[in-house]
Amino acid sequence: MDGTIAVYDAVRMKFLHHLEGHHMPVRSMVFSPVDPHVLLTGCDDSHIHIYDAKEKGLIGAMSGHASWVLSIDVSPDGMTVATGSSDRTVRLWDINARASVQTMSNHSDQVWAVVASRPPGGEGVRAGRLASASDDKSISLYDYS
């Protein structure tokens, strides 16, 4: 609830350390599929943080949502981040530029889930598919490149 993330060694069932930087509840987090030490988080402070979970450091931050970030996912190539928010938008972010590159505003209520995937035959191509689910009782599907 205070924005602190506890990191554990799941194999040894041992607490390792805290990651700090958010100041409100963290609603969602995901590890990068290409670097298992990179953790991305979405928080009620409307920010997305990128951490090195092993070295305990904040690598970067992104902002652009007008309200709570409720869901986060990373594309299979690790280059694109998708977020859903209580501001009723879904955003795509370029992880290298640390910037929002697209905003989808088709939901009429908060977005609780986002999932990013690669389309069939999409290997090596900067393209993907995205799904989002909202309190407006809808699921939206998107293609992006």
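## Strands, turns and buried polar residues

UniProt, in an unreviewed entry, lists residues 19–61 and 62–103 under "repeat: WD". What you have on screen is a predicted model, so take everything below as computed from predicted atoms. In the model, the span 19–61 is 0% helix and 56% strand, and its end C-alpha atoms lie 13 Å apart. For residues 62–103 the figures are 0% helix and 57% strand, with the end C-alpha atoms 14 Å apart.

**The β7–β10 sheet**

Let's start with the strands. Four of them make an open, antiparallel sheet, and the order is β7-β8-β9-β10. At the edges sit β7 (69–74) and β10 (99–104), each of which pairs on one side only. Going from one strand to the next, the twist averages 25°. If you want a specific pair to look at, take β7 and β8 (residues 80–85): they run antiparallel and share five bridges. There, S71 stands opposite G84 of β8.

**Hairpins around β5**

Now go back along the chain to β4, β5 and β6. β4 (residues 38–43) pairs with β5 (residues 47–52) in the antiparallel sense over five bridges, and L40 faces I50 of β5. On to the next pairing: β5 and β6 are antiparallel too, over six bridges, with H47 bridged to S63 in β6.

Both pairings are hairpins with a backbone detail in the turn. The β4 and β5 hairpin has three residues between the strands, and S46 takes a positive phi near 75° there. Between β5 and β6 there are four residues, and K56 in that turn has a positive phi of about 65°.

S46 is not a glycine, yet its phi is positive. This serine, in the loop between β4 and β5, counts as buried because its relative accessible area is 14%, below the 20% cut-off. K137 is another residue other than glycine with a positive phi, near 70°. It belongs to the loop between β12 and β13 (139–144). Is K137 buried or exposed? K137 is exposed, because its relative accessibility of 80% is over the 50% limit.

**Buried polar side chains**

H65 is worth a click. This histidine is in the loop between β6 (57–63) and β7, and it is buried, with a relative accessible area of 5%. Which side chains make polar contacts with that of H65? T83 is one, at 2.7 Å, and D87 is another, at 3.1 Å. Beyond residues up to four places away in sequence, H65 touches S46, I48, T83, S85, D87, T89, R91 and W93. So the list takes in S46, the positive-phi serine, because H65 touches it.

S132 tells a similar kind of story, this time in strand β12. At 2% relative accessibility it counts as buried, and its side chain is joined to that of H107 by a polar contact of 2.7 Å. Outside the four places either way in sequence, S132 is in contact with V90, H107, V111, A113, V114, S138, I139, S140 and Y142.

Here are the side-chain polar contacts side by side:

| Residue | Partner | Distance |
|---|---|---|
| H65 | T83 | 2.7 Å |
| H65 | D87 | 3.1 Å |
| S132 | H107 | 2.7 Å |

**L130 and G21**

L130 is also in strand β12 (residues 128–134). It is buried, with a relative accessible area of 2%. Its contacts, leaving aside neighbours within four places in sequence, are A82, V90, L92, M104, V114, V115, A116, S140, L141, Y142 and Y144. L130 and S117 are 13 residues apart in sequence, while their C-alpha atoms are 6.3 Å apart in space.

Finally, have a look at G21, in the loop between β2 (14–19) and β3 (26–31). The residue is partly exposed, at 27% relative accessible area. Its C-alpha is 7.1 Å from that of G3, which is 18 residues away along the chain. Again leaving out neighbours within four places in sequence, G21 is in contact with H49 and Y51.

Definitions and conventions. Residues numbered from 1 in each chain as written. Heavy atoms only, no water. Pairing = 2+ DSSP bridges. Helix = DSSP H or I, 4+ residues; strand = E, 2+ residues; numbered from the N terminus. Axes fitted to C-alpha atoms, helices over the stretch in contact; angles between N-to-C directions. Buried < 20%, exposed > 50% of the residue type's maximum accessible area, 1.4 Å probe, protein only. Contact = heavy atoms within 4.5 Å. Polar contact = N/O pair within 3.5 Å; in protein donor to acceptor, adjacent residues only side chain to side chain. UniProt positions renumbered as here; feature names shortened; annotations may be inferred.
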